[in-house]
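Trainee: I am new to this structure. Please pick one part, the ligand site, and go through it closely, with a few residues to warm up on.

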Amino acid sequence: MPKALVRGSINIDEFYLLPHIVRPGETIASTGFSRSTGGKGANQAYAAGRAGANVVLDAQVGADGAEVVKLIASGGVDVSRVRVIDGEVTGRAIIQRAADGENSIVLHPGANFAPSSGEVDLAGYTHLLLQNEIPLDDTLAYLRAAGKAGIKSVYNPSPMPSREVLAAFPWDCLSYLIVNEGELSDILAAFDDTPLDAKLSVKDRAIAQMHALHGAKGFAKSVAIVTTIGPEGVLVLDVKGPHPEVAYSPAAKARKVVDTTGAGDTFAGYFVAMLMDKGDDAPIAELIPTCLQACAITVENAGALESIPARADVEARLA
Ligand code: ADP
């Protein structure tokens, strides 16, 4: 039975509506407040759970995290490996949203960055999903352990590690890299700074960069590269054939675009769930339609985690 572990972050996102972003020394009253569950680990685990996967979230919160953990569990995520860290608060994103649409964010990593036991337990898991919102040493330890155990791993490097980290990254332990077009450029820059024709479209630039990254010295040819390109859809460099080509799939049509927050996390979670469903030998192209349809529904709804659809709703649209 396929079983996935997400080792990642949990945040409480707090949104303050304001006439303008607070200036140094200024105190102003907010005109609105809302709170939601966030953190890429939480969002992606929730998406995998909503997609029907057997998924466990390994993360850390403070004593104030009970409510968000309950919400994550409601998506079908096993939260038995979420630890409550004494004396720490749950990670927080404090988001100021000004009347003119400008955003300003304070991120407090809190329990996400509290020392963990250092123990890597992947017994019984077939898949591992990682982002970059926990200490890098933890991410690397899990990735190396997965590589050693032959567990399929998926990495969504957000926020982007430094060039030094990327250049020395254990790419040979990784199975699937999921990036957006900006992240793809950042990773490639760690290996190859050859400038590309400035006139290329977003899609053609990403295709060229995926080929360049696949062939770059220091990267691993065994890593499949999946690049989401926003409303345009996704590009996939599968590595199963003898001559990897980049295949393009246009995005599923959203009925209306309300809020694109969480689209990337929906894609990553659904991608892992579909990998588990179809098996790792299936061409990646077979997984993509379900992932894209899930993303289209996410962008039709406000919020991040709360906008991620259940598998049945995605299938109904595909039918
Ligand atoms: P990220 O949030 O990581 O930057 P993207 O913006 O690339 O991720 O979005 C991930 C996926 O969500 C895309 O591949 C696409 O399928 C879908 N998506 C994003 N924006 C739209 C949109 N406006 N309409 C339809 N689908 C969208």
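Mentor: Start with a term. A residue is buried if its relative accessible area is under 20%, exposed if over 50%, and partly exposed in between. Keep in mind that this is a predicted model.

Now use the term. S175 has a relative accessible area of 15%, so S175 counts as buried. Look for S175 in the loop between helix 4 and strand 10 (176–180). Its side chain has a partner: the backbone nitrogen of S153, at 3.0 Å.

Try the cut-offs on another serine. S162 is at 34%, so S162 is partly exposed. Find S162 in the loop that runs between strand 9 (152–155) and helix 4 (163–167). From S162, look across to Y176. Along the sequence, 14 residues separate S162 and Y176. In space, their C-alpha atoms are 20 Å apart.

One more loop residue. T90 lies between strand 5 (77–84) and strand 6 (91–98). Its relative accessibility is 0%, and therefore T90 is buried. A polar atom of the T90 side chain is 3.1 Å from the backbone nitrogen of G62.

Now turn to the ligand. Where does the ligand sit? The space taken by the ligand is the largest pocket. Two elements each give two or more residues to the shell around the ligand: helix 7 (263–278) and helix 8 (288–299).

How many residues surround the ligand? There are 14, and the closest are N180, T228, G230, G233 and L292. Sort the shell by class. It holds 8 nonpolar residues and 6 polar ones. Charged residues are absent from the shell.

Next, follow the oxygen atoms of the ligand. What does T228 offer? A polar atom of the T228 side chain is 2.8 Å from a ligand oxygen. G230 works from its backbone: an N or O atom there lies 2.8 Å from an oxygen atom of the ligand. G233 also uses a polar backbone atom, 2.9 Å from a ligand oxygen. These pairs fall within 3.5 Å, so they count as polar contacts.

How much of the ligand is covered? Taken alone, the ligand exposes 560 Å², and the protein buries 82% of that.

Put the site together. The ligand takes up the space of the largest pocket. Around the ligand are 14 residues, none of them charged. T228 reaches a ligand oxygen with a side-chain atom, whereas G230 does so with a backbone atom.

Methods: Residues are numbered from 1 along each chain as its sequence is written. This is a predicted model: local features need pLDDT of at least 70, side-chain atom pairs count only at pLDDT 80 or more; totals for chains, interfaces and linings use all residues. Side-chain values use heavy atoms; hydrogens and water are left out. A residue is near a molecule or strand if one of its heavy atoms lies within 4 Å of it. A polar contact is a pair of N or O atoms within 3.5 Å; within protein, one must be able to donate a hydrogen and the other to accept it, and residues adjacent in sequence count only if both atoms are side-chain atoms. Accessible areas come from the Shrake-Rupley method with a 1.4 Å probe; for residues, only the protein chains shown count as cover. On a 1 Å grid over the protein atoms alone, a cavity is a set of points where a 1.4 Å probe fits but cannot get out, and a pocket is an open set with protein on both sides within 12 Å along at least five of seven lines; lining residues have an atom within 4 Å of a point. A molecule sits in a cavity or pocket if more than half of its atoms lie within 2 Å of its grid points. Helices (H or I, at least four residues) and strands (E, at least two) are DSSP runs, numbered from the N terminus. Ala, Val, Leu, Ile, Met, Phe, Trp, Tyr, Cys and Pro count as nonpolar, Asp, Glu, Lys and Arg as charged, and the others, Gly among them, as polar. Buried means under 20% relative accessible area, exposed over 50%, partly exposed in between (1.4 Å probe, protein chains only).
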